[in-house]
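I opened the file to look up a few things about the chain. My notes follow in the order I made them.

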Amino acid sequence: MKEVQDLSAGFQEIVNLKPPKTMKSTHSNPQIEWRKKALSYTGSINQYVQKGLTEGWEAAGAQPLCPKMEHLVPDLLSALREAFRTKTTDRLRELWPPVHEPLLEHLREHGQSIPTVCLLEDGSILARIGSPYDGGHVVHISGDSCEKVRGATFFGISPNRHFFAWARPDRVSVTEGWEGVEVASFKWPTGQEDLPAGIEVPQFDQPPVPTRLIPFPDGKRVLLVSSRGIFVLAREGAKRLLPTDDEIIEQHRYIVEENPQKELSFQLPMDHGAISPDGKFIAVGHQMSLHLVFDENLNCISQIGHRSEYAHYAIFSSDSKMLALNSCHFYYGRTIGVQVNQLPGLVTEPYEEDERTPLIENGARVYAGVHRGDEFIIGDAYGYVRAFDMAGNPRWQHFVGSSIGDMDISPDGKTLVVSTYAGFISIIKLDAGERPAYQIGTGNHIEQRRWIFWKNEPTPLIW
């Protein structure tokens, strides 16, 4: 199945790239200046956070400001490019410790989303590079090499990690393992599935752009999440989950009364979905919906009110016993937990407290999440990875930077891979010992490596 293209070719073009115009370093050695300022800043931030968590944020005082380091970014970029070219990246983060804030201006122009990432059994990584709405591609990262996977523009993995779904121009295919044989193939939805009587919509002019493709644990169906609708793809055809009949009827009524010349169509901002690892439940939602849960026969069994403004994210625990549901308002959010055995027939109102849906995290707008042991690990809009237990007690936090795009965890729970909207893929060893001095966080985790996929760079970089 796999066809790959080496992305290391053409690296010589990097030497001709001109650094951005900026002031020169005031230090005779930019690397020493960067390192000194980076360590001072991260140390002060960690002290500030520790004091805030233990003594209260009023006692912690004002948050330390990052020193002026933007003028050193051209030197940093030159070091990253040269280290990648010469394959001498081992001491790079010791010499040039990662700091996010000085890169903000560069990221506005060159950063890009990495919406899907997967950690494979052998420790290598699959990732989709580029926003779902931009022309993007899938890469396979192994050791120091990065290769482009041909023939697919988007992918997803089943919750039991046995099957992969691939977006292809004419179909969605399912393979057993990422390089395995194709075991199923489904047509893209037309957009005319399961419409209420008397309502018509035009067919999709092209397949919907996936934001998630999730095979069911048996590999026989795929959950397609997109802003144009959320569907379950099967051999007999696609079944629409969202928008619901009520949402379609309401939108149709609005079009008829307010803009009768306009064709009926649907857009689902903040579209999201998840399948329980045992395959028995599907949680979906979008900005204007409740949290909805369907059973394996695609019957809606739960309508759960969001605790913040908009339904935004859903994740099941690895043992399929708990469902965590996040809603958000701007960069803030709240996450509630629901015992799966209470889902059938569960109906709650938005914003209202309910003992069946306790608050388990308060503050994060969640973009990605995994579960291990007795804790959820989520990535938020501020670039933090946060862990909390099933009762809502915070465990630890780890700063990566930028909004988190996706994350995945190894089956043994020891390696976490995190992607961001800034074009980073961070490889973190969990519970690995004392964290490095340059790392912002409260856990004993070590970021081993950071892959960088920036626009206008002819190859990826390693930091």
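Before counting anything, I fixed a term: a contact means heavy atoms within 4.5 Å. With that settled, I looked at contacts in the chain with a separation of 6 or more, and residues 24 or more positions apart account for 52% of them.

**Entry: confidence.** I noted that this is a predicted model. The mean pLDDT of the chain is 93, and 94% of the residues reach 70 or more. Residues 1-25 are another matter, since pLDDT stays under 50 there. The model still has 58 contacts beyond four places in sequence for this stretch. Where pLDDT is low, predicted coordinates should not be read in detail. I therefore left the detail of residues 1-25 alone, as their pLDDT is under 50.

**Entry: overall form.** I looked up the secondary structure and found six helices and 30 strands. Next I checked the radius of gyration. A compact globule of 463 residues would have a value near 23 Å, and the chain has 23 Å, so the two agree. The C-alpha trace spans about 75 × 55 × 45 Å along its principal axes.

**Entry: surface and charge.** Of the 463 residues, 55% count as buried. The chain exposes about 21,300 Å², and carbon and sulfur atoms supply 47% of that area. I also looked up the charges: there are 46 positive and 59 negative ones, and their mean positions lie 7 Å apart.

**Entry: Ala381.** Is Ala381 buried or exposed? Its relative accessibility is 4%, and buried means under 20%, so Ala381 counts as buried. Ala381 sits in the loop between β23 (375-380) and β24 (384-389). Beyond its neighbours within four places in sequence, Ala381 is in contact with Tyr331, Arg365, Tyr367, Ser402 and Ser403. I looked further at Tyr331: 50 residues separate it from Ala381 in sequence, but the C-alpha to C-alpha distance is 5.8 Å.

**Entry: backbone angles.** Which peptide bond did I note as cis? The bond from Leu242 to Pro243 is cis, with omega near 0 degrees. Pro243 belongs to the loop between β13 (237-242) and α6 (245-258).

I then looked up two residues with positive phi. Phe330, which is not glycine, has phi near 50 degrees. Phe330 is in the loop between β19 (322-329) and β20 (332-339), and it counts as exposed because its relative accessibility is 63%. Asp431, also not glycine, has phi near 50 degrees. Asp431 lies in the loop between β28 (424-429) and β29 (446-452), and its relative accessible area of 52% makes it exposed.

Notes:
Residues numbered from 1 in each chain as written. Predicted model: local features only at pLDDT ≥ 70, side-chain atom pairs only at ≥ 80, totals over all residues. Heavy atoms only, no water. pLDDT = per-residue confidence, 0-100. Helix = DSSP H or I, 4+ residues; strand = E, 2+ residues; numbered from the N terminus. Rg over C-alpha atoms; globule rule 2.2 N^0.38 Å. Buried < 20%, exposed > 50% of the residue type's maximum accessible area, 1.4 Å probe, protein only. Areas by Shrake-Rupley, 256 points an atom, 1.4 Å probe, with all protein chains shown as cover. Lys, Arg positive; Asp, Glu negative; His and termini not counted. Charge placed at Lys NZ, Arg CZ, Asp CG, Glu CD.
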